[in-house]
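Here is a short briefing to read alongside the structure. Keep the viewer open, and hop between the spots as they come up.

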Amino acid sequence: QLDATLMRVDLDNGYDAWSIDNSLVTRSDRPGRDAQRSDGAALQLSLPTAAGELRSLTSAARSRILYSFDGDWGNEALWSDAARWGADYSPYDYHERIVRRRRTLAQDLRFIGAADRALIGGTRWLLGAYALRLTEDDAQRDGYMDVDLGWQSVTFQSRYRAVNTALYGQLDRDAGGRGTLSLGLRIERRDARYTDSFGTPLRATDTLGGGNLSWSWQTSPRQRWYATLARGYKAGGFNIGSAVPAGRREFRPEFLWNLEAGVKRSGGSAYPHTWQAALFYMRRDDQQVDTSVQSDPGNPLKYVFFKDNARGEHFGVEQEFAIGLGAHWRLESTLALLRTRYRDYSYGGRDLDGRAQAFAPGYRARVALAWHAPSGWYARLDGEAVDALYFSAADDTRARAFELVHLRAGFARGPWNASLWVRNAFDRGYARHGFYFGLEPPDFAPRQYLQAGDPRHAGVTLRYDLGSREE
């Protein structure tokens with residue numbers, strides 16, 4: 001069997017998401033872009049043999065990515081407003097533009113043992129090999145207005161090359177009639193090289209190993225318990241950018257130990273329901289942490305992001321529940337409780353040992369009530385709640401907890417679906433992201449800047465599914 005896939009992606013979005021007063025009104029005179037054009041192809045070949053099935057997947061892609069933004073978030077009229085700032089600070093004008101050219105070529109080859117060729121004890125098996133070649137060329141141009149020389153620009157170019165090769169395998173064996181025991185292993189070798197226009201040659205060669213040991217037990221036709229011990233990894237790399245400190249150019253690979261146990265259950269006739277829950281613990285060694293630094297308070301383009309290494313822990317429980325309430329109603333809910341912390345980690349003179357990690361809310365919950373009539377009319381009410389969270393390891397600013405309500409009503413029949421919807425129905429204010437750095441004159445003192453979440457907005461959606469057929 002031979003399957004071929006072709007892909008073309010052409011995205012061209014604007015980017016202008018920040019305001020100096022943390023409002024939904026931006027004042028940028030050079031709004032940015034977030035554009036991508038990608039072409040890709042994949043070829044999958046399946047070849048049955050007497051001992052099993054050989055599968056080959058070859059894929060290739062190339063992308064041109066453009067990202068730009070207004071570095072000062074303002075305009076000439078704003079920065080020259082002496083009544084506001086105490087003096088005329090124009091020209092205060094910064095702009096950054098980054099063009100990335102990325103190419104990948106990958107090959108995955110696996111052999112899946114035939115059911116009648118199982119190993120001792122009926123063990124099913126799989127063996128595979130994987131290779132990936134990645135190349136990326138980045139061109140960064142920082143522009144600024146000089147009071148004497150006019151518009152000036154500084155360019156920075158970098159080149160990144162990486163080759164990954166891996167061997168992996170999996171064994172699955174029935175245990176005790178109702179149980180299944182699985183063992184998976186993967187060994188990967190990675191060779192990465194980096195150079196830039198500053199004359200910074202870097203090379204990293206890592207051998208990475210991971211795997212999992214899983215057990216599941218079917219206690220009844222509608223209930224299954226499971227437990228998994230897994231070790232994962234994430235390759236290290238290089239922090240790219242003209243303002244990244246020299247000592248922060250490289251970050252190490254991350255390794256994760258994860259222990260998880262849970263249950264999945266379904267049942268009911270008058271009130272059919274599904275329920276699943278999981279309890280987990282994660283330990284992260286050399287955890288890759290997103291952080292930042294500003295080397296020049298008067299230059300917003302000197303506020304740069306990079307990855308650092310730390311140690312961390314995660315504890316949590318998750319549950320999902322859904323139940324049918326009669327013929328037309330359905331209730332759904334999810335709840336996740338999470339506790340995270342850094343271990344033996346400090347940054348910028350601050351001891352973060354025991355502090356919660358970034359973008360890790362203590363709870364996240366969702367409840368939905370849906371109604372659907374046989375005629376095709378439907379309605380849905382969704383509510384969600386998210387706990388307070390930190391934005392970064394670089395500072396201690398936090399987003400407040402928030403709750404949102406969403407509504408949708410419409411009509412669906414066959415391939416057609418039309419709906420009216422309202423997001424954030426009560427127009428609650430909340431923050432998606434936040435930074436803490438110096439931007440505003442006269443002293444460019446660091447302060448918190450927040451990217452506001454979407455306010456209340458409504459719309460109409462009309463969809464036609466080419467793959468749908470009316471029964």
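The notes below cover a charged surface patch and some backbone details.

This is a predicted model. A positive patch sits on its surface, and cis peptide bonds join Ser-90 to Pro-91 and Pro-441 to Pro-442. Asn-22 and Asp-286 each have a positive phi.

**Positive surface patch**
- Four arginines form the patch: Arg-62, Arg-64, Arg-101 and Arg-103.
- Strands β3 (52–70) and β4 (94–113) each contribute at least two of the patch residues.
- One of the four, Arg-101, belongs to strand β4.
- Arg-101 has a relative accessible area of 41%, so this residue counts as partly exposed.

**Cis peptide bonds**
- Most residues other than glycine have a negative phi, and most peptide bonds are trans.
- The bond between Ser-90 and Pro-91 is cis, with omega at about 0°.
- You will find Pro-91 in the loop that runs between α2 (82–85) and β4.
- Pro-441 and Pro-442 are also joined by a cis bond, here with omega of about 10°.
- Pro-442 is in the loop between β24 (431–438) and β25 (446–452).

**Positive phi angles**
- Asn-22 is not a glycine, yet its phi is positive, at about 60°.
- The loop between β1 (2–15) and β2 (32–48) holds Asn-22, and a relative accessible area of 26% makes this residue partly exposed.
- Asp-286, not a glycine either, has a positive phi of about 55°.
- Strand β13 (residues 273–294) is where Asp-286 lies, and its relative accessibility of 25% means Asp-286 is partly exposed.

Notes:
Residues are numbered from 1 along each chain as its sequence is written. This is a predicted model: local features need pLDDT of at least 70, side-chain atom pairs count only at pLDDT 80 or more; totals for chains, interfaces and linings use all residues. Side-chain values use heavy atoms; hydrogens and water are left out. Patches are made of residues with over 30% relative accessible area and no salt bridge: like charges are joined within 9 Å, nonpolar side chains (Val, Leu, Ile, Met, Phe, Trp, Tyr) within 5 Å. Accessible areas come from the Shrake-Rupley method with a 1.4 Å probe; for residues, only the protein chains shown count as cover. A salt bridge is a side-chain nitrogen of Lys or Arg within 4 Å of a carboxyl oxygen of Asp or Glu. Lys and Arg count as positive and Asp and Glu as negative; His and the chain ends are not counted. The place of a charge is taken as NZ of Lys, CZ of Arg, CG of Asp or CD of Glu. Buried means under 20% relative accessible area, exposed over 50%, partly exposed in between (1.4 Å probe, protein chains only).
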